[in-house]
Amino acid sequence: MMDRREPLHRIKSRRDSALSALVGGVPYLAWLGIRFDRRGDELTAILPYDEKLIGNPLLPALHGGVTAAFLETAAIIELAWTAMWEDMESGRTVPDAAMMISPPRLPKTIDITVDYLRSGLPRDAYARARVVRSGRRYASVQVEAWQDNRARLLAQATGHFLIPQG
C-alpha cells in the first residue's frame, strides 16, 4: 500500500517518471513529436504540427497515416498507462525511469478502425483515449482526436489490443 504521508512533489515525480519511461520506450513517438500531458490519471496525447506530417501540400492537410498512427499510439499508451497506474497506486510496483533496463511491454494491436471526420489542418492535434473493456488477454479502446475545438473531431478510432502477459 502507498504511504499516505509521501510528499506531493515525490508522488508527482514518481508518476511523471513512470510516464516518461513508458513513452520513452517507443522511438516512433519521438520521431512524430507526440508527447503526453498528464493530469492525475488522465492523459492527453499531443501531436505538435510539423511540416513533415503534411500529406497533401496543396490543401495542406495532415497525412492520413500520421492521423491513424497518432490515434493508435494514444490508445496503446493509454492502455499501458491504465495498467501501470493501477499497479503504482496500489503499491505493487514503483517504476523508476532511471532504473528501467528495458522498456515496458506494450499491448499489441489486433485491429483498429479509424473514422476520418475532416481534414487535419496544419496545426497541433490532441487525442484522448478511453479503455472500454480490459480483461486479462484482450482490451478495447476508443480514441477521439481534435485540433482547435474538442466538439469538432478530426478523427476517431476503436481498437482491440492483446494485453502482454507476465
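Partly exposed, as used in these legends, lies between buried, under 20% relative accessible area, and exposed, over 50%. The model shown is predicted.

**Figure 1. Salt bridge between Arg150 and Glu144.**
Arg150 and Glu144 form a salt bridge in which the closest N and O atoms are 3.6 Å apart. Glu144 has a relative accessible area of 31%, and because this value falls between the two cut-offs, Glu144 counts as partly exposed. Arg150, with a relative accessible area of 38%, is partly exposed as well. A search of the whole structure finds 5 salt bridges, and the two views that follow include others.

**Figure 2. Salt bridge between Arg123 and Asp148.**
The side chains of Arg123 and Asp148 meet in a salt bridge, with a distance of 2.8 Å from N to O. This pair links distant parts of the chain, as the two residues are 25 residues apart. Arg123 lies in the loop between β5 (108-116) and β6 (125-134), and Asp148 lies in the loop between β7 (138-146) and β8 (153-162). Arg123 is partly exposed, with a relative accessible area of 33%, whereas Asp148 is exposed at 60%. Side chains of opposite charge can pair when their charged atoms come close.

**Figure 3. Strand β1 and the salt bridge between Asp37 and Arg39.**
Strand β1 covers residues 35-39, and its side chains alternate between two faces. Phe36 and Arg38 point to one face and are buried. Arg35, Asp37 and Arg39 point to the other face and are not buried. Asp37 and Arg39 form a salt bridge, their closest N and O atoms being 3.3 Å apart. Asp37 is partly exposed, with 28% relative accessibility, while Arg39 is exposed, with 58%.

**Figure 4. The hairpin of β1 and β2.**
Strands β1 and β2 (residues 42-47) run antiparallel and are joined by 5 bridges. Which residue of β2 stands opposite Arg38? Leu43 does. The two strands form a hairpin with 2 residues between them. Gly40, in the turn, has a positive phi of about 65°.

**Figure 5. A nonpolar surface patch.**
Ile110, Tyr138 and Leu162 make a nonpolar surface patch of about 260 Å². Tyr138 is placed in strand β7. At 31% relative accessibility, Tyr138 is partly exposed. A residue needs over 30% relative accessible area to be part of a patch, so Tyr138 passes this cut-off.

Terms used
Residues numbered from 1 in each chain as written. Predicted model: local features only at pLDDT ≥ 70, side-chain atom pairs only at ≥ 80, totals over all residues. Heavy atoms only, no water. Salt bridge = Lys/Arg side-chain N within 4 Å of Asp/Glu carboxyl O. Buried < 20%, exposed > 50% of the residue type's maximum accessible area, 1.4 Å probe, protein only. Helix = DSSP H or I, 4+ residues; strand = E, 2+ residues; numbered from the N terminus. Pairing = 2+ DSSP bridges. Patch = residues over 30% accessible without salt bridge, like charges linked within 9 Å, V, L, I, M, F, W, Y side chains within 5 Å. Areas by Shrake-Rupley, 256 points an atom, 1.4 Å probe, with all protein chains shown as cover.
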